[in-house]
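Reader: I'm new to this one, so could you walk me through it?
Author: Sure, let's have a look together.

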Amino acid sequence: MKKTVILIIDDDPAVRQVLADILEFKGYGTLVAKDGAEALSLMQANDIDLALIDLGLPDISGLDVLSRIKADHPSTAAIILTGNATLESAMDATSRGAFSYLQKPYDIDQLLLQIKRAIEKQQADLEHEKLNIQLLQAQKLESVGRLAAGIAHEINTPIQFISSNIAFLKEAFKESSHLITSLLELLESIKNGTVTEAQIKQNDDILAHLDWDYLQEEIPRAIDQSNDGLQRVASIVQAMKEFSHPGSKQKVNADLNQLIETTITISRNEWKYVATVDTDLDPELQPLPCLANEMGQVFLNLLVNAAHAIENQLGNNPEGNKGRITISTKQHDQHVEIRISDTGCGIPAHIHNKVFDPFFTTKDVGKGTGQGLTIAHDVIVGKHKGTLVFEAEPGSGTTFIIRLPRHQE
Ligand SMILES: Nc1ncnc2c1ncn2[C@@H]1O[C@H](COP(=O)(O)OP(=O)(O)OP(=O)(O)O)[C@@H](O)[C@H]1O
Ligand SMILES: [Mg+2]
């Protein structure tokens, strides 16, 4: 197993030496830095698990070193050591991500215990992050699998009418070419002066049989309709490509309106039997730095939940009534607001504080596993520092409200 590496940052050479000796003796790997600049360059060049930071450094303040380490190496734990502790500086250090804060002279056993705990916590956080990523990927695969059947169906409908249009065009061309051949022969006879009554009648018969007025109207219509169908297929395929693209791990500028349209397209088969989807998307919406792929998954989770809630509310529904899902975006000064409303069953008050819990579901086996909102919360609040709340009236629907800061750190 790899040794845990600790970076000791202190301007006093004796302190550095003593600490390094003790920690090496305890089985840790150590590196030492005399000031902030050296510490930051050692951080760049090495894989460091924990930094012990003295507050009073000659160049950059210990708190600033802490902030830089946390920003560039978030998986490195940090403990602050200082000669002149105040409550204020201790709070400042913890708010900047330090695990703990020890006053000099400290008890060495106390320090060793803090180091052990800081590293355990760091590992637990990393494990948690890894699990979150796996959960998201699993849910993504599951939704792609479930959506695939619906998408095949969505593509099949236009393909079917394109096929019958092509069959019609083929027949129409055959008949028209028969007519044109006959007309060309007639023209030839007129030129030669050999035209006969019988030839004119034959032409009239072909023309009557062919119903040229009808074809003249129907051929362009069949072509237009086929074009629409092809465009529909192309947009579904494009949406599917966008949705299943692995996406960037970094935040990139994304058009949320477009992302919402894509999500609506690929999930059509999930909602079209129970609801209509209306959008009210802010045309002024600026691209927003985000993890587009994960955001798409959030919209999908909320949209599918809305469809299920409406289905639940409609019950047996022999008349084939439909509910309504409305998705809106609005740009404000500091944030963007996205609302997803449904006219479904609402969320009863006694489960309001449970819906975001992992694996909480009220749905039958096979319909829901209770991960949708957990993931949505993790993506919106955890990864984008936004908020995700809902307003729900039992019996008259639910609105989920996402607010995302426009300027991500
Ligand atoms: N729009 C909504 N209207 C009514 N109830 C909702 C709505 N969205 C979520 N819920 C309730 O919250 C529960 C948890 O939702 P969540 O999306 O986390 O899981 P799920 O939909 O049950 O399963 P999964 O999303 O994993 O397929 C749902 O089972 C449902 O009871
Ligand atoms: Mg769900």
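Reader: In what order do the strands of the open sheet with parallel pairing run?
Author: Keep in mind that this is a predicted model. The sheet is open, and its 5 strands pair in the parallel sense. At its edges sit β2 (29–33) and β5 (100–103), each pairing on one side only. Read across, the order is β2-β1-β3-β4-β5.

Reader: By how much are neighbouring strands of this sheet turned against each other on average?
Author: This is the open sheet of 5 strands with parallel pairing. Ignoring direction, the average turn between its neighbouring strands is 20°.

Reader: What angle does the direction of α1 make with that of β2?
Author: Helix α1 (residues 13–25) packs on the sheet, where it touches β1 (5–9), β2 and β3 (50–54). Compared with the direction of β2, that of α1 makes an angle of about 170°.

Reader: Which residue in β5 is the bridge partner of Leu 81?
Author: Start with the strands: β4 (residues 77–82) runs parallel to β5, and 4 bridges join them. Leu 81 has its bridge partner in β5, and that partner is Leu 102.

Reader: Is Ile 48 buried or exposed?
Author: Ile 48 is in the loop between α2 (36–45) and β3. Leaving aside neighbours within four places in sequence, its contacts are Val 5, Leu 7, Leu 31, Met 43 and Thr 76. A residue needs 20 or more other C-beta atoms within 10 Å to be called buried. Ile 48 has 23 C-beta neighbours inside 10 Å, so it counts as buried.

Reader: What distance separates the C-alpha atoms of Ile 48 and Leu 31?
Author: Leu 31 is one of the contacts of Ile 48. Along the chain the two are 17 residues apart, while their C-alpha atoms are separated by 8.8 Å.

Reader: What is the order of the strands in the open sheet with mixed pairing?
Author: This sheet is made of 5 strands. Its edge strands, β7 and β11, each pair on one side only. Neighbouring strands are turned by 10° against each other on average, direction ignored. The order is β7-β9-β10-β12-β11.

Reader: Which residue in β9 does Asp 280 stand opposite?
Author: β7 and β9 are parallel partners, with 7 bridges between them. Across from Asp 280, in β9, stands Ser 328.

Reader: Which residue in β12 is the bridge partner of Asp 342?
Author: Strands β10 (residues 335–342) and β12 (residues 397–405) are antiparallel and share 8 bridges. Over in β11 (residues 387–393), which is joined to β12 by 7 antiparallel bridges, Ala 392 stands opposite Thr 398. The β12 partner of Asp 342 is also Thr 398.

Reader: Which residue in the turn between β11 and β12 has a positive phi?
Author: β11 and β12 make a hairpin, leaving 3 residues between them. In that turn, the residue with a positive phi, about 90°, is Gly 395.

Reader: Which residues have the most contacts inside the largest nonpolar core?
Author: That core has 38 residues. Its largest share, 12 residues, comes from α10. Leu 303 touches Thr 263, Ser 267, Trp 271, Ile 325 and Ile 340, not counting residues up to four places away in sequence. The residues with the most contacts inside the core are Leu 303 and Ala 307.

Reader: How many residues does the other core, the one with Leu 7 and Leu 50, have?
Author: This core lies apart from the one with 38 residues. Among its members are Leu 7, Leu 50, Leu 81 and Ile 115, and its size is 29 residues.

Reader: How far apart are the centres of domain 1 and domain 2?
Author: The domain assignment gives domain 1 (5–106), domain 2 (160–237) and domain 3 (246–405). Taken over C-alpha atoms, the centres of domain 1 and domain 2 are separated by 84 Å.

Reader: What is the radius of gyration of the protein chain?
Author: The chain's secondary structure comes to 11 helices and 12 strands. For 409 residues the globule rule gives 22 Å, and the chain's value is well over that, so the chain is more spread out than a compact globule. Its C-alpha atoms fill a box of roughly 120 × 55 × 45 Å along the principal axes. The radius of gyration is 34 Å.

Notes. Residues are numbered from 1 along each chain as its sequence is written. Chains are lettered from A and ligands numbered from 1 in the order in which they are written. This is a predicted model: local features need pLDDT of at least 70, side-chain atom pairs count only at pLDDT 80 or more; totals for chains, interfaces and linings use all residues. Two strands pair if DSSP finds at least two bridges between them. Helices (H or I, at least four residues) and strands (E, at least two) are DSSP runs, numbered from the N terminus. A nonpolar core is a set of buried Ala, Val, Leu, Ile, Met, Phe, Trp, Tyr and Cys residues joined through C-beta atoms within 7 Å. A residue is buried if 20 or more other C-beta atoms lie within 10 Å of its own, exposed if 12 or fewer, and partly exposed in between; C-beta atoms are placed from the backbone. Two residues are in contact if their C-beta atoms, placed from the backbone, lie within 7 Å. Axes are lines fitted to C-alpha atoms, for helices over the stretch in contact, and angles run from 0 to 180 degrees between N-to-C directions. The radius of gyration is taken over C-alpha atoms; the globule rule is 2.2 Å times the number of residues to the power 0.38. Domain bounds come from an automatic or database domain assignment.
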